[in-house]
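Me: Could you take a close look at one part of this structure for me, the sheet and what packs on it? I would like the cut-offs spelled out as you go.

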Amino acid sequence: MPPNFKRVRTRDPDEAIAELEQLGKVIAFVDPNLSIYPLEFLERIFRYMERTRKIWIGEGSMRELAANPEIWDPMSRTCIGMLTGIESEKIGGNGRKKYEGAFLVQRNGAIVLDSVIIGHPSQTKEATIEMLESLRNGNRTCAFHMLTPYPGTKEYRTFTEQKKILDYDLSRYDRRHVIVRNEIGVKGTLELYTQACKKAQTILGTIKEIVRIIKDSTNITIAFWRGIILSMARSRNLLIGANMWKISGEKEKFECVPIEPAGDQSAAHSSLSTAHGQ
């Protein structure tokens, strides 16, 4: 499917399966959202994956998957990692869900990686803290990112027009620096991000996840790969949190006045993006 989500182009399932047959046992699907394909198509692909004992990692939308468990159930049996995004304003405290799909149920031992954006202008400090508490109480495995609108995107143009871009140095667009002005401020956003990386997961929670994986996985191979994904994701957060002091030392630099860009960087990136999309 195209990256702009405007039109889904579904391949012939026989063609897709023929390609999968030529690949190894571990498949990385590069589709930006696996879950919007037709149910019949997904069932055929993932029944084949299960039959041949292939395992996979990819991205999907929690809303479609939570609303259609008949899609997620066969997918989850061979999934070693599914990246989904969550919205902080839709999640209640203490792990309570305000709508079905706030947290995607980890069926059949699958690992769901919740991608969490911190630092959006619409987020308050209270809502962000509530979100982080929900993730911790729910023992979720997360990937935390600072809001980083890349040049050439609609979000970048919008925040530029609103004069919310604090930093035009693209070397800092690594999802660990505060790029967009928000209500919490640079210092507060960095502190929340650091605490999220350090404290969202606990040692006891990680042990419980390992037990769940071993118990619910169909064989030792898939349990092994799931353990690898779990360890990498949770260790990544701890390493980032431990090294945030390097970035925190810069927190006062962009607190007040945004730095103006040198030239039309948005147009340059837009051209590069178009070239990649051809």
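Reply: Happy to; here is the sheet, followed by the helices on it and a surface patch. This is a predicted model, where local features need pLDDT of at least 70, side-chain atom pairs count only at pLDDT 80 or more, and totals for chains, interfaces and linings use all residues. Residues are numbered from 1 along each chain as its sequence is written, and side-chain values use heavy atoms, leaving out hydrogens and water.

The open sheet has five strands in the order β1-β2-β3-β4-β5, with parallel pairing (strands are DSSP E runs of at least two residues and helices H or I runs of at least four, numbered from the N terminus; a pair needs at least two DSSP bridges). β1 (26-28) and β5 (141-146) are the edges, each with a single partner strand, so one side of each has no neighbour in the sheet. On average, neighbouring strands are turned by 15° against each other, direction ignored. Three bridges join the parallel β1 and β2, and A28 stands opposite I57 in β2.

α9 packs on this sheet, touching β1, β2, β3, β4 and β5, and its direction makes about 35° with that of β5. Helix α7 (residues 185-199) lies across β4 and β5, at about 160° to β5. Contact here means heavy atoms within 4.5 Å; axes are lines fitted to C-alpha atoms, for helices over the stretch in contact, with angles from 0 to 180 degrees between N-to-C directions.

Helix α9 (residues 220-243) also holds F224, which counts as exposed at 51% relative accessibility (exposed is over 50%, buried under 20%, partly exposed in between, with a 1.4 Å probe and protein chains only).
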